[in-house]
Amino acid sequence: MIRKIVVGSIAFALLLLIAFYFFAQSQKPTYKGTVELPGLTSEVEVYFDEFGVPHIYAEKESDAYLALGYVHAQDRLWQMELVRRIAAGRLSELFGPDLVETDKFFRGLGIEYASAKAMQKLDTTSNAYLLSQAYLDGINRFIESGRTPIEFRLLGIDKETYNLNDIYNVFGYMSFGFAQAQKTDPLLSHLQEKLGGEYIADLDVNIDPRTTLIKNARRPGALAQNMIGAMDGILEKSPIPPFIGSNSWVVGPDKTKNKQVIFANDPHIGFAQPAVWYQAHVVTPNYEMYGFHLALTPFPLLAHNRNYAYGMTMLENDDLDFYHEPQEAEFEIREEVIKVKGEDDVKFTVRSGKHGPVMNDLVQTISREEPVAMDWIYTRLENEMLQVSYEISHAGSLTEFRDGVSKIHAPGLNIMYGDAKGNIAWFGAAQLYSRAEGVHSKFILDGADPTQDHLMFLDFDQNPQAINPRWDYVYSANNQPEEVDGRLYPGYYLPEDRAKKIVELLEARDDFAQKDVEQMIYNVESSNSAELASIVLRNMSLVKMSDLEKEAIEVLKGWDGSYRKKDIAPTIYFTLIYNILENTFKDEMGEEAFDQFIKAHLSKRQIAKQIQMLKSVWWDDISTEEVKENREEIFTRSLHEAIATLEDKYGKDLKDWKWAKAAQVTHKHTFDKSGLLRSFFNVGPFSTHGGNEVINNQLFQINGSGSFEITAGPSTRRVIDFSNVENACAILPTGQSGNVFSKHYDDQAQKYLDGEFVKMMLNEQEIKASEDKLTLKP
C-alpha cells in the first residue's frame, strides 16, 4: 500500500512537471516563424540577436513601428500594464487596498488631466502622432492574438487595449519620479520652524560654488511636520522603480585615439525585474535608429545610429513647490473613484487651486486644517514630450536636435549629444525660471503672498549648455551646473563625488579608446570617501580603542576609496558615516525628520560638509544636558558604535566584513512580496562592485546595520565610438525580456555585474545571420 502511494506520488509529480514544461513552452515569446499582423502594408522582417534585441526591417516607417509595438508587447506587456496604471491611479484594481493611498496620490496630481489637455492640441497629421498610433496598434494586435502573460493569469485580470493617453501617463510618472522637492521642502520647513536659522545655516541647502560644477559655455509649522516622509512612504509602495540619477560624458575628437567622438551614458534608476529599458533597432530605407525604450514609449529616449548618439541624465532642478494656502482660498472641486480589488470602491474629493492640487486631500497623514498645494511645472505647462522624443530620434543635424530638446519643460534633463562629424553637446533641458529676490523655494511658500508665486520663465538660450567647448568634452552627473548670467539655478543636486572623478579621469589623457571608456564607466573609486575617512580618523580620540577597533582603523587608513567586492573598508566606512550622521542630527531633528533627511539628496551633500566643519551647532548632543559635545566626541562615539555593530553582525575576523557580503542586490519582480513566487520571478541576489556616488553607482540607503541592500544603479551602460560604430556596446542589469519563460529574462545579469558589454549590432549581414527570424505579414 505504501509503495503504491509513493509510486503514485512520484507519477503525479512527474505529470505536474511535464504539464508545467509544456505550459512554459507555450508561454515563451515568438522569436521565429511567421505571424499575420493586420494593419501592415507590406512584410516586415524581425531578426532577434543573441540577447533578444529585435532588429526590425520594414519598407515603411509606419510598418516598422507597428512591428515594434508588437514585439515590445510580447516581451514587456506586464511592465506596460503596471506603468500605465500608476500615473492613472489604478494599481488598487490589481493589488487591493495596500495601494489605495498611492492611487489617491497619483490620481490627485492631475497627470491624466494634463495628458488630456496635451492630446487636444496634438497635430493628428504629424509623424509623431501617426507613428505613435502605429506603435499602439502593434501592442493592441498582440493583446488580441498573442499569449497572455503569466502575471495576468495569476492575478486573474483581463488584458485591456492601449491608447495615446497611456503613453502620456508614462511621461508624467517619469517626470514626478525625478522630483526631489517632495522629500526636501517639508523637511527644511519643519527644521526651520523647530530649530531656527542657526541650524539651517550649517546644512548644505545651497550648493557650494567651490565644488565641482558642470562646465557651462553659455511659515508651515505642524503642517510641514505632518508632511515629512508622507509622500515618500506612498512612493515606496509603488511597483514601478523610481528615476534617481545618472552619468554621461561625451569625449571630443581631440581627446580620443582615433580622432572621433566617444559617447557614454548610464542612467541610474531603481532596480526591478524586468529591467527598465527595452532595446530595439529599427531600419527602413530612409531611417535607422538603435534605441532604448521605456514601456509604452514609441520613440527611444536613449539611442544612436551611424550619424549621432544621444542620452540623458537627471538635471535635478527645482520644478515643484509647495504653498500654504489661506483658508479663504478658492478651489475647484472634483470627485474621484478608485476601484479596489476585493473591496468597495474608494471615493474621495480633490481640491485644486492656482497652485495645484491640495495635498491634504491626497495624503492621509497631513492635517486638513491647513491646506497645502503642490505647484508642479509638469502639469502647469503644456506637455510636448511625445513630439520631443520624436524630434530627437529623427534629427538630421545638431541644430534640429537642439530645437527638439528646447521643447522640454519637465522633467528637467541633461541631454547629451555626440555625432560622427565631431560635434559634442550638453543641454540643461527644462523650463527654468527665476523668482523675486528673497524667495527661497526650498521651504513651503506662502500662497497668500503674490511675490512668492510670481515665476519669470526663462528662454531656452538662458539654460546652461555647452556645444563643442574648448575643453573638448561634456559631462553630467546630477551635480550643479555653473553660473549662467551670474545665477546658480536652484535644485536638489547630488554631491560632487561622481562629477569630480569623471572630470579627473577625462582631464588626465587625450588618447581615449572605446575600451578606456568601458573601463571608466565601471569605475568604483570614490573621489572623496578615503579623504573623508582620513579626516574622521585624524579628529577622534584613539586613547581607549580596542584591538578590533585599532585593526579597523588601520584598514581605513590604507584604503584607496574603492568599493570592490574584496574590500573591507567600505563596510566600515558606511556604517561609521551613518553613525556620525545619526549622532550629529537625530537628537535635534527627531526620529521622523532624521529618517527623511537620510533619504534625501541633502544628506549625501551634507556628509562632506559636516565632516570638515570644526564648529557646528549640530555637534552638540542636546539629549546630554550637562555636556556639550564637539566633533571629536561625535567621531569617537560613532566609531565605537560602528565597530560594535559590525562585530555583532559578522564576528571578530575582519575578513568576514568584505563588501561582497555587506552589499548585495536583487532585481525584484512585482511578486517579490509573494513568498512562493519570489524566487521564481526575482533575479538575484548578487554581490557586486560599486556603491553610493562612484561612477558605477550602486545605490543603497545608508543605515547603521552594517548591511546595505542595493536598490538602484545603472539601468544600462552604453558606449559608442564613432570610429567603430558597428561595435558600439551596451548592457542591461538582467535581460531584454520581461517574460519569465524567455531565454532572455536574465541572460545579461552576470555580464552586467562583471562590467562586461554586449554589442549593439548595426551590421546588416551580421544581424541577418541570426537563426531567430520572425516574419510579420499583412
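These are my notebook entries on aromatic pairs and nonpolar cores in this structure.

**Entry 1: the model.** I am working from a predicted model. Everything below is computed from it.

**Entry 2: aromatic pairs.** I searched the whole structure for aromatic pairs and got 41. I picked out Tyr-310 with Phe-401. Their centres are 5.5 Å apart, and the planes make an angle of 50°. I log this pair as tilted, because the angle is neither under 30 degrees nor over 60.

**Entry 3: where that pair sits.** Next I looked up the elements. Tyr-310 belongs to strand β9, residues 308-314. Phe-401 belongs to helix α15, residues 398-405. The two parts are 91 residues apart in sequence, so the pair ties them together.

**Entry 4: buried or exposed?** I checked Tyr-310 first: is it buried or exposed? Tyr-310 has 1% relative accessibility and counts as buried. Phe-401 has a relative accessible area of 0%, so I note it as buried too.

**Entry 5: a further partner for Phe-401.** Phe-401 also pairs with Tyr-417. I read 4.9 Å between the ring centres and 45° between the planes, so this pair is tilted. Tyr-417 lies in strand β15, residues 413-419. Phe-401 in helix α15 is 16 residues away from it in sequence, and the pair links distant parts of the chain. Tyr-417 is buried, at 3% relative accessibility.

**Entry 6: contacts of Phe-401.** What does Phe-401 touch once its neighbours within four places in sequence are left aside? I list Tyr-308, Tyr-310, Ile-392, Ala-395, Ile-415, Met-416, Tyr-417 and Phe-427. Both ring partners from my earlier entries, Tyr-310 and Tyr-417, appear there.

**Entry 7: nonpolar cores.** I then turned to the largest nonpolar core, which has 210 residues. Phe-401 shows up again: with Ile-139 and Leu-776, it has the most contacts inside this core. Which helix gives the most to the core? I found helix α2, residues 61-88, with 15 residues. A second core is separate and has 20 residues. Among them are Val-251, Tyr-475, Met-520 and Cys-729.

**Entry 8: a cluster.** I traced one aromatic cluster formed by Trp-78, Phe-95, Phe-152, Phe-671, Phe-680, Phe-681 and Phe-741.

**Entry 9: charges over rings.** I looked for lysines over rings. The charged end of Lys-104 sits over the ring of Phe-348, 5.4 Å from the ring centre. Lys-649 has its charged end over the ring of Tyr-650, at 5.9 Å from the centre.

Methods. Residues are numbered from 1 along each chain as its sequence is written. This is a predicted model: local features need pLDDT of at least 70, side-chain atom pairs count only at pLDDT 80 or more; totals for chains, interfaces and linings use all residues. Side-chain values use heavy atoms; hydrogens and water are left out. Rings of Phe, Tyr and Trp (its six-membered ring) pair if their centres lie within 6.5 Å; planes under 30 degrees apart count as stacked, over 60 as edge-to-face and the rest as tilted. Helices (H or I, at least four residues) and strands (E, at least two) are DSSP runs, numbered from the N terminus. Buried means under 20% relative accessible area, exposed over 50%, partly exposed in between (1.4 Å probe, protein chains only). A charge sits over a ring if NZ of Lys or CZ of Arg is within 6 Å of the ring centre and within 35 degrees of the ring normal. A nonpolar core is a set of buried Ala, Val, Leu, Ile, Met, Phe, Trp, Tyr and Cys residues joined through side-chain atoms within 4.5 Å. Contact means heavy atoms within 4.5 Å.
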